[in-house]
Amino acid sequence: MQEEVTQKTIALVIKTARLDANTLKAAMKMYLDHRRQKNRNGHGTHGKTSVKKLIGEGAGVSSIEITDGNIKSFERTARKYNIDFAVKKDKTAEPPKYVVFFKGKDAEVVSQAFKEFVYGNEKKKQKTSVREKLKRFKEAAQNKNKERSLEKDKEKDRGRSL
């Protein structure tokens, strides 16, 4: 994941008769201004934001409570669906609950993302961990070795009686 973030590249196409440092500088400045303007309009980035920004955008805000402590997996799912959301931890409840705020117009998309999040969590809970599997295989191997040693002992006893 870190490599994806650090190794992003952009393609900048410039039509010019002569490429010099000033032309390249002007083109880069135009690109950066365009990115800033795109982010100001709210069309640029999606994902985690503050409740204040969500309310400030003018759209109605809705919320969902999540009791699961694994909130990062929901954040991944929400980013996948390009949902603007804000997460607040409700410290008054025990165990702590998380309240996810999102735009009212995204309600259908959020419900689909939430279904995928719940399905993924249930699927993870049903899987046995690799450590458990290794433990079972180790026990099976030890039991098999014990059986082999018992068979060898029986064969040795038979050989002595002859």
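How much accessible surface does the protein chain have, and what share of that surface belongs to carbon and sulfur atoms? In this predicted model, the accessible surface of the protein chain comes to about 13800 Å², and 51% of that area belongs to carbon and sulfur atoms.

**Figure 1. Overview of the protein chain, with its six helices and three strands.** Read from the N terminus on, the elements follow the order α-α-α-β-α-β-β-α-α. The protein chain has 162 residues, of which 17% count as buried. Among the contacts with a separation of 6 or more, 65% are accounted for by residues 24 or more positions apart.

**Figure 2. Close-up of helix α5, residues 107–126.** This helix has 20 residues and reaches 29 Å from its first C-alpha to its last, which is close to the 28 Å expected at 1.5 Å a residue. Four residues of α5, namely Val110, Ala113, Phe117 and Asn121, are buried. These four cover an arc of only 75 degrees around the axis, and therefore they lie on the same side of α5. On the other side of the helix, Glu108, Lys115, Tyr119 and Gln126 are exposed. The partners against which the buried residues of α5 pack are β1 (61–66), α4 (71–80) and β3 (97–103).

**Figure 3. Close-up of helix α4 and the elements that its buried residues pack against.** The buried residues in α4 are Ile71, Ser73, Phe74, Glu75, Thr77 and Ala78, a list that includes the acidic residue Glu75. The buried residues of α4 pack against the strands β1, β2 (85–90) and β3, and also against helix α5. The packing of α4 and α5 thus appears from either helix, since the buried residues of α5 in turn pack against α4. After α4 comes Asn82, whose phi is positive, near 55 degrees.**Figure 4. Close-up of the nonpolar surface patch that includes Ile10.** Ile10, Leu12, Leu19, Leu24 and Met28 make up this patch, which has an area of about 430 Å². Ile10 lies in the loop between α1 (2–6) and α2 (21–40), and with a relative accessible area of 46% this residue is partly exposed. When residues up to four places away in sequence are not counted, Ile10 touches Met28 and Tyr31, and of these two Met28 is itself one of the residues that make the patch.

**Figure 5. Close-up of Tyr31 in helix α2.** At 22% relative accessibility, Tyr31 counts as partly exposed, as the limit for a buried residue is under 20% relative accessible area. Leaving aside neighbours within four places in sequence, Tyr31 is in contact with Ile10 and Leu12, and both of these contact partners are among the residues of the nonpolar surface patch. Tyr31 and Leu12 are 19 residues apart along the chain, and their C-alpha atoms are separated by 8.3 Å.

**Figure 6. Close-up of the salt bridge between Arg36 and Asp33.** The structure holds one salt bridge, in which the closest N and O atoms of Arg36 and Asp33 are 3.0 Å apart. Both residues lie in helix α2, three residues apart, which is about one turn of the helix. An α-helix has 3.6 residues a turn, so residues three or four places apart point the same way. Arg36 is partly exposed, with a relative accessible area of 45%, and Asp33 is likewise partly exposed, with a relative accessible area of 38%.

Conventions: Residues are numbered from 1 along each chain as its sequence is written. This is a predicted model: local features need pLDDT of at least 70, side-chain atom pairs count only at pLDDT 80 or more; totals for chains, interfaces and linings use all residues. Side-chain values use heavy atoms; hydrogens and water are left out. Helices (H or I, at least four residues) and strands (E, at least two) are DSSP runs, numbered from the N terminus. The expected span of a helix is 1.5 Å times one less than its number of residues. Buried means under 20% relative accessible area, exposed over 50%, partly exposed in between (1.4 Å probe, protein chains only). The arc is that of the directions from the helix axis to the C-beta atoms. Contact means heavy atoms within 4.5 Å. Patches are made of residues with over 30% relative accessible area and no salt bridge: like charges are joined within 9 Å, nonpolar side chains (Val, Leu, Ile, Met, Phe, Trp, Tyr) within 5 Å. Accessible areas come from the Shrake-Rupley method with a 1.4 Å probe; for residues, only the protein chains shown count as cover. A salt bridge is a side-chain nitrogen of Lys or Arg within 4 Å of a carboxyl oxygen of Asp or Glu.
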